[in-house]
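Open the model in your viewer and keep the selection panel at hand. The tour goes from selection to selection.

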Amino acid sequence: MLTQGGKHSQLRNKYMRDRAVTSARSYGVCSWEGPKDQSLQNDRLDTFPDFRGMVVLDQQFQQFFQEQMISQVERIEGLSSDERRLLGQQTHEQSSGVRSLQSSIHGRVMQTRCFDNKNLVYIGMELPEAFTQFCQKVKKKLAALPVPDLDQNGNKRSAADQKAWRNQRVARVQKALSKAWFQTVAHSYGIDQSLGVTQEMIDDSSVAVFYLQQRRVWRNVIKKKSGSRQVMITAAGDAAATPHFMTASGLTGARENVLHLQNYTRDVWNGPRIYQEYGLEQRQDRLEHAQLDTADFVIQQGLNFLI
């Protein structure tokens, strides 16, 4: 049996244990897409000289981010006057949170992975922990504000409705701050001018900020007996080892996992019809070692980012 689906694989989680092998780091992704009647001018697909890049968080970056942050926060719909007042205070350039953020990120160099496709530009990057902490503090203060007792129809809000209200507001603020950050990155690359990549072209569904930590299973080959029959379970792809999304190791690792299993299956099928238990276990052990070697490769590709 072959288990896939990453950490959400029910079959893997039932029979296998995994462990963290790297620290957790904050990352984000964003893409811009031109409308059908206004395509991006990137027909040559040469927006970025190399898919690997860097962004320097210098004074110019910080100033542009401050402008974008205020602009994005003002665009959030459905906020109460108290919520707008709080966000205005928290994102003001003289607020303690903004000053602390600027001091922490000044001069840092962050790695990016960029590519363009027809009518689309994508940027993924590591994020400074100070930015993630800034967002969390703003969201925490916003969530502490009281929720209106009545909804738009004049009905009293239940506890579940109040929680949903808070979660919705927090998600909108996180989205606004993330869009401000990535629009600043786009400005650093100059693609807001060369391609017309504006904040209006950001694909909201693509904007995400998350922690990434690589994990791997303790054992990749699990043997279970059911009566006189033996079932072998092995993991492939993200279910075996978490790849770093800024490397090309995910598909490579998954392909190797499947090839190892194919080799094992062919070896067993083409061998004698009756195997001694030792001979079958030998082949299963070789499969285990091959799968673990692939996991080593997948993890190693991400260590440059996560150590």
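Is phenylalanine 131 buried or exposed? Select the residue and switch on a surface: phenylalanine 131 has a relative accessible area of 1%, so it is buried. Keep in mind throughout that this is a predicted model.

**The ring next to it**

Add tryptophan 181 to the selection. Its relative accessibility is 0%, which puts tryptophan 181 among the buried residues as well. The ring centres of phenylalanine 131 and tryptophan 181 lie 4.6 Å apart, with the planes at 35 degrees; the pair is therefore tilted. Colour by helix to place the two: phenylalanine 131 belongs to α5 and tryptophan 181 to α6, so the pair joins parts 50 residues apart in sequence.

**Another partner for tryptophan 181**

Now select phenylalanine 65. This residue is buried too, at 4% relative accessible area. A pair of aromatic rings is described by the distance of the centres and the angle of the planes. For phenylalanine 65 and tryptophan 181 the centres are 5.5 Å apart and the planes stand at 70 degrees; because edge-to-face requires over 60 degrees, the pair is edge-to-face. Phenylalanine 65 sits in helix α2 and tryptophan 181 in helix α6, 116 residues apart, so this pair links distant parts of the chain.

Add Phe61 to complete the group: Phe61, Phe65, Phe131 and Trp181 are linked into a cluster by ring pairs. In total, the structure has 7 aromatic pairs.

**The core around the rings**

Which residues touch the most other members of the largest nonpolar core? Select Trp32, Met69 and Trp181, which do so in a core of 40 residues. At least two core residues come from each of β3, α2, α3, α4, β5, β6, α5 and α6. The largest share, 8 residues, is supplied by α6.

Centre on methionine 69. Leaving aside residues up to four places away in sequence, its contacts are Thr91, Val98, Phe134, Leu177 and Ala180.

A second core of 7 residues is separate from the first; select Met16, Ile233, Ala235 and Ala240, which are among its members.

**Out to the surface**

In soluble globular proteins, nonpolar side chains tend to be buried together. For nonpolar side chains on the surface, select Met54, Val56 and Val109, a patch with about 280 Å² of accessible area together. Valine 56 lies in strand β4, residues 52–56. With a relative accessible area of 42%, valine 56 counts as partly exposed.

Note on methods:
Residues are numbered from 1 along each chain as its sequence is written. This is a predicted model: local features need pLDDT of at least 70, side-chain atom pairs count only at pLDDT 80 or more; totals for chains, interfaces and linings use all residues. Side-chain values use heavy atoms; hydrogens and water are left out. Patches are made of residues with over 30% relative accessible area and no salt bridge: like charges are joined within 9 Å, nonpolar side chains (Val, Leu, Ile, Met, Phe, Trp, Tyr) within 5 Å. Accessible areas come from the Shrake-Rupley method with a 1.4 Å probe; for residues, only the protein chains shown count as cover. A salt bridge is a side-chain nitrogen of Lys or Arg within 4 Å of a carboxyl oxygen of Asp or Glu. Helices (H or I, at least four residues) and strands (E, at least two) are DSSP runs, numbered from the N terminus. Buried means under 20% relative accessible area, exposed over 50%, partly exposed in between (1.4 Å probe, protein chains only). A nonpolar core is a set of buried Ala, Val, Leu, Ile, Met, Phe, Trp, Tyr and Cys residues joined through side-chain atoms within 4.5 Å. Contact means heavy atoms within 4.5 Å. Rings of Phe, Tyr and Trp (its six-membered ring) pair if their centres lie within 6.5 Å; planes under 30 degrees apart count as stacked, over 60 as edge-to-face and the rest as tilted.
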